[in-house]
Amino acid sequence: MNLGLAIVLIIVALAVGLIGGFYGARAYMKKYFQENPPINEDMIISMMSQMGQKPSAKKVNQVMNRMKHQNK
């Protein structure tokens, strides 16, 4: 009886740890990518140039602002 209780407690502790670790890592990565977006202004300029557009500072800033507001 005592051994069964110990096994159940171990399994519950592992499950709680896995779930807590998953959501903790998810929250950390979400915050990290909001502060450090994977696309920067140089990449946007390069993409616009490849699409045949002339990248002005105004267009680049508009795209960056849209990306920032979309993630919130």
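Hi everyone, let's start with one residue: F33 is partly exposed, with a relative accessible area of 40%. Here, buried means under 20% relative accessible area, exposed over 50%, and partly exposed in between, using a 1.4 Å probe and protein chains only.

A quick word on where this comes from. This is a predicted model, in which local features need pLDDT of at least 70 and side-chain atom pairs count only at pLDDT 80 or more, while totals for chains, interfaces and linings use all residues. Residues are numbered from 1 along each chain as its sequence is written, and side-chain values use heavy atoms, leaving out hydrogens and water.

So what does F33 pair with? Y32 and F33 form an edge-to-face aromatic pair, 5.5 Å centre to centre with 70° between the planes. Rings of Phe, Tyr and Trp (its six-membered ring) pair if their centres lie within 6.5 Å; planes under 30 degrees apart are stacked, over 60 edge-to-face, and the rest tilted. Y32 is partly exposed as well, at 37%. Together with Y28, Y32 and F33 make up one aromatic cluster.

Now let's step back to the whole chain. How many helices and strands are there? The chain has three helices and zero strands, where helices (H or I, at least four residues) and strands (E, at least two) are DSSP runs numbered from the N terminus. Its radius of gyration is 23 Å, well over the 11 Å that the globule rule gives for 72 residues, so the chain is more spread out than a compact globule. That radius is taken over C-alpha atoms, and the rule is 2.2 Å times the number of residues to the power 0.38. Finally, 6% of the 72 residues count as buried. Thanks for listening!
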